[in-house]
Amino acid sequence: MLQNIRDNSQGWIAKTIIGLIVVLMALTGFEAIFQAATHSQDAAKVNGQTISQNELSQAADMQRRQLMQQLGKDFDPALLDDKMLRDAALNGLIERKLLLQGAEDAKFALSEAALDQVILQRPEFQVDGKFNADRFDQVIRQMGYGRMQFRDMLAEEMLIGQLRTGLAGSSFVTDKQVEAFARLENQTRDFASLTFKANPAVVKVSDEEVKAHYDEHAKEFMSPDQVVIDYIELKKSVFFDQVKVTDDELKAQYEKEIANLAEQRHAAHILIEVNDKVSDAQAKARIEEVEQRLAKGEDFAALAKEFSQDPGSANSGGDLGFAGPGVYDPAFEDALYKLKDGQVSAPVRTEFGYHLIKLLGVQAPEVPSFASLKDKLTRDLKLPLVEQRYVDAAKQLQDAAYEASDLVQPAQDLNLKVQTSAPFGREGGEGITANRAVIQAAFSEEVLEEAANSTAIELDPETTVVLRVKEHRKPEQLPLEAVAKNIREHLAKEKATAELKAKADKLIAGLRDGSIAAGAAYEGQGWTAHEAVTRGQDGIDPAELQALFRLAKPQAKDKPVFGSVVLNDGSLVVLQLKGVNEGAAASDEEKLQIRSYLASRAGQQDFAAYRKQLEAKADITRY
């Protein structure tokens, strides 16, 4: 469709469309046309506030990426039904809009400074522990956001977080609730179990049963939705060989490098702090006393151990080790670099207090040879030129791919090769087809349905690709022969489990009416006794424990309660609950943990009820 518009935008079709629009405006008026166009861009309205189609598309794409990332190769392509995704995304956007309106009504607010601080401190935006603007741009670009879009989204998330915290923080739990929960949590149970193992191998499944199951569940036996793509891959690295630097440029860069090398100075100091208890005048007088004792010949290291208030260096005689420029406070550094070897400074005032500084030694910088730095210098000189060429080439690739009806011409323009992928589905494949942005583009409406080239996709800071679908392998019914073995195994397991269930039901009926003794073996199977079992008991299947603790408390010691549970491997366990032991009283620490957990759970329930109340009162229109 998009390609057709591009091809025909200058032809008679475009002129006809314009003519019809002019006539329509004359008949109905500009206002009606404007309103129709406006509503076509709306996905919903919530109390008069609009959710646009663009917001909905972005939210649906985000959900698609998250599902793929979370489930990986186990992801069911059927979950990517566009209508289901868009409905879920729209519900999420409506809920978000309601919560933002609730936060506004409750007068929650957020400053720009607080928002900046959160962004600066988020670890995913940091390199070597510090905020990095390039890293920030890369991460939010992968999320599908521009800078302002991300700021707006984060501000909304923080406002909703304030609202959630405000509601959850108001929840409380009584002492009786804590004690009751502790008793249940610490409760133990005495029981016996008898296990019947499933053996699907001896179960007969007829061809007719396999065929009947296949026919009844035909939609479950479909080949995956797959595509084969052609793509052009642009690598930044190819430009390094194209950019040349001269020896003169390298030597000039070498001189700059070594000019920045600085000597290291070995310092020691004595610090007298200025703080709430010690005034500036008092600290200055104290450091001058130390200075006088130094003048009389006392040892600097000994005085540092006695008087210095720097806990990191006092015990080592004030020794700070070797350091270069930019490490110390400017006033400290200025004084240090004026000293000669072995000399002690006059008192120096910094934000910490007063210092006496001694220069213990000077270490000349190690100057690397030109040969050892040549590769680094070459890369440093080439890098900005390569960056510019790469950016220009990526832009050229984007423009060429948009204008072309295939990838042949863009590849020729940039001297690149059109490559073809192996078939892959919505869960991805190998190589570039494992990249979520590539998968999303390949299965997008524009590329898959309209046969257009994709936009330029940045796989990483050094790789850009453009793709188009070469072949679309739509889901097809798999032949019975291809799935018969799996169906037969499935039915055999079901039959084996059903036979065990019938056997267990017969046993439990006999135990309840007394025709079978509670402790007697059954068909050669003996009971296994367990005492004082906890909810998280090691060595017992979690499904068995869950079923055990759901059984009602026996009315008397001689009246056990019976039940059964099927485990994941198809085996079946018959349970005989003999007794329930009340849990020990919780310690103060346990009570605190329980109170926190119950309050958090109650807060979540309160927040869920608040969301439902907002929705019930809201005026919501879906277009």
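pLDDT is the predictor's confidence in each residue, on a scale from 0 to 100. The structure shown above is a predicted model, and its mean pLDDT over the chain is 86, with 90% of the residues at 70 or more. The start of the chain is another story: over residues 1–38 the pLDDT is below 50. Beyond near neighbours in sequence, residues 1–38 make 16 contacts in the model. Where pLDDT is low, the predicted coordinates should not be read in detail.

Just after that stretch comes strand β1, which spans residues 42–46. β1 is mostly covered, with four of its five residues buried. This strand has two partners to look at. With β2 (residues 49–52), β1 shares four bridges, and the two run antiparallel; D42, for instance, is bridged to S52 in β2. Two residues lie between the strands of this hairpin, and N47 adopts a positive phi near 50° there. The other partner, β18, comes from residues 620–622 and is joined to β1 by three bridges, again antiparallel. Here K45 of β1 has T621 of β18 as its bridge partner.

Moving along the chain, L184 sits in helix α9, which covers residues 175–185. Its relative accessibility is 47%, so L184 counts as partly exposed. L184 and Q126 are 58 residues apart in sequence, and their C-alpha atoms are 46 Å apart in space.

Next up is a stretch that has a label in a database. The UniProt record, an unreviewed entry, places the feature "domain: PpiC" at residues 262–361. In the model, this span is 31% helix and 27% strand, and its end C-alpha atoms lie 14 Å apart.

An open sheet of four strands comes next, with the order β8-β7-β10-β9 and antiparallel pairing. β8 (319–323) and β9 (348–350) each have a single partner strand, so they stand at the edges, and one side of each has no neighbour in the sheet. On average, neighbouring strands of this sheet are turned by 40° against each other, ignoring direction. Looking at one pair in detail, β7 (residues 264–273) is joined to β8 by four bridges, and the two run antiparallel. One such link pairs A267 with G321 in β8.

Two helices pack on this sheet. Helix α12, made of residues 280–295, touches β7, β9 and β10 (353–363). The direction of α12 makes about 40° with that of β10. Helix α13 (residues 300–307) touches β7 and β10, and its direction makes about 40° with that of β7.

A good residue to zoom in on is H269, which belongs to strand β7. Is H269 buried or exposed? Its relative accessibility is 5%, so H269 counts as buried, the cut-off for buried being under 20%. The H269 side chain makes polar contacts with two other side chains: that of S313 at 3.4 Å and that of H355 at 3.0 Å. Leaving out residues up to four places away in sequence, H269 touches a whole list of residues, including F300 and A304. L320, F332 and I357 are also among the residues that H269 touches.

Towards the other end of the chain, helix α20 runs over residues 542–550. D541 caps the N-terminal end of α20, with a side-chain oxygen 2.8 Å from the backbone nitrogen of A543. Which residues of α20 are buried? They are E544, L545, A547, L548 and F549. These buried residues pack against four strands, namely β5 (188–196), β15 (528–533), β16 (561–566) and β17 (572–581).

Strand β17 also holds Q576. With a relative accessible area of 5%, Q576 is buried, because buried means under 20% relative accessible area. What does the side chain of Q576 reach? It comes to 3.1 Å from the backbone oxygen of A518. Not counting neighbours within four places in sequence, Q576 has contacts with D190, F191 and A192, among others. The same list of contacts for Q576 also includes A518, W527, P560, V561 and F562.

Key:
Residues numbered from 1 in each chain as written. Predicted model: local features only at pLDDT ≥ 70, side-chain atom pairs only at ≥ 80, totals over all residues. Heavy atoms only, no water. Buried < 20%, exposed > 50% of the residue type's maximum accessible area, 1.4 Å probe, protein only. Contact = heavy atoms within 4.5 Å. Polar contact = N/O pair within 3.5 Å; in protein donor to acceptor, adjacent residues only side chain to side chain. Pairing = 2+ DSSP bridges. Axes fitted to C-alpha atoms, helices over the stretch in contact; angles between N-to-C directions. UniProt positions renumbered as here; feature names shortened; annotations may be inferred.
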